[in-house]
Amino acid sequence: MTIQQRETGNRPYWEPSRVGFYEVYYLIWKDLQDRHIGWVRHIVHTSTQGVATASVWGAYLDMDDSSRNIAIQQGFPIQEVRNTAEPFRSGIGTSAMSQGAAVGEVSGGGHTLAWDVRFGDPGALVNHIPVHWGPFPRTKFISPFCGGKLSGNFWIDNQVISVSDAPAVQSHFWGTKIVAAWVGGHCSSFEEDPDFVFDGVWAEEHIGGLTLKPITCLCFHWEGRTYSCNNLVQSLFTNKSQ
């Protein structure tokens with residue numbers, strides 16, 4: 001997988017003048033050593049009335065003590081959005097995601113979360129919705145860094161937490177309208193096989209008052225190969241589970 005292919009997967013599509021459009025980048029890692037989960041999210045959106053908003057989300061989840069969990073959403077003026085395609089960069093305020101890396105911070109509720117992390121092993125590129133153009137589906141989804149290993153530092157107020165080779169995923173989705181309902185699932189920390197990766201998304205779409213058949217896109221990375229179950233027939237009819 002080349003750097004160019006991953007940059008294409010992360011290419012920004014949002015522009016302030018593009019009304020009725022949104023774009024999201026997110027990064028999630030699971031640190032098995034320190035038993036925590038880190039989550040970073042960038043969102044830009046322009047409503048159909050032309051009102052543009054931007055925000056950065058950060059979260060820390062303690063797998064053993066939920067009382068330590070912190071989640072912060074901080075809004076920024078739209079003038080503080082700085083996106084580029086080559087090289088890829090999603091910048092909002094002082095936070096930025098680039099190819100295989102993220103740095104930034106958010107404050108709120110008396111707390112500050114900050115991060116400076118990057119992928120050592122990039123993992124696989126998973127293209128859940130292969131079609132990146134056209135009106136359907138109204139949300140497109142791709143994971144340019146799926147099941148890789150991430151390292152760096154994460155701060156809760158003044159406490160630093162080191163992250164070392166944590167299983168992680170960085171994904172990108174965008175479109176003219178969020179789907180009516182969706183569920184995403186990712187795991188790259190199976191006890192039986194730490195190199196096995198699962199990534200999947202289920203989405204339900206409503207158009208003109210009608211509920212369309214749900215789309216289920218699944219991906220498995222096993223023994224060095226990626227298996228994508230995401231062509232139209234599979235996604236609509238055969239990718240089923242309870």
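## A tour of the empty spaces

By class, 6 nonpolar and 3 polar residues, with no charged ones, make up the lining of the second largest cavity. Keep in mind as you click around that this is a predicted model.

Let's put that lining on screen. Select L27, F88, M97, S98, G100, A101, A102, F119 and Q170, and you have the residues that line the second largest cavity. Now colour by element: strand 7 (95-98) and strand 8 (101-108) each hand over at least two residues of this lining. The space they help enclose has a volume of about 50 Å³. If you want to hunt for others, the structure holds 3 cavities of 30 Å³ or more.

Next stop, the largest pocket. How much space lies in it? About 360 Å³. Select Y26, I28, V169, G185 and H186: of the 22 residues lining this pocket, these are the closest to its centre.

Then show the strands around the pocket. Those that give two or more residues to its lining are strand 1 (21-31), strand 2 (36-46), strand 11 (139-156), strand 12 (159-175), strand 13 (181-187) and strand 14 (197-204). Which of them gives the most? Pick out strand 13, which contributes 5 residues to the lining.

Last, switch to colouring by residue class. The lining of the largest pocket splits into 11 nonpolar, 8 polar and 3 charged residues. Flip back to the second largest cavity for a side-by-side view: no charged residues turn up in that lining.

Key
Residues numbered from 1 in each chain as written. Predicted model: local features only at pLDDT ≥ 70, side-chain atom pairs only at ≥ 80, totals over all residues. Heavy atoms only, no water. 1 Å grid on protein atoms, 1.4 Å probe; cavity = no way out; pocket = protein on both sides within 12 Å on 5 of 7 lines; lining within 4 Å. Points joined across faces, edges and corners; volume = space filled by probe spheres on them. Helix = DSSP H or I, 4+ residues; strand = E, 2+ residues; numbered from the N terminus. Nonpolar A, V, L, I, M, F, W, Y, C, P; charged D, E, K, R; others polar.
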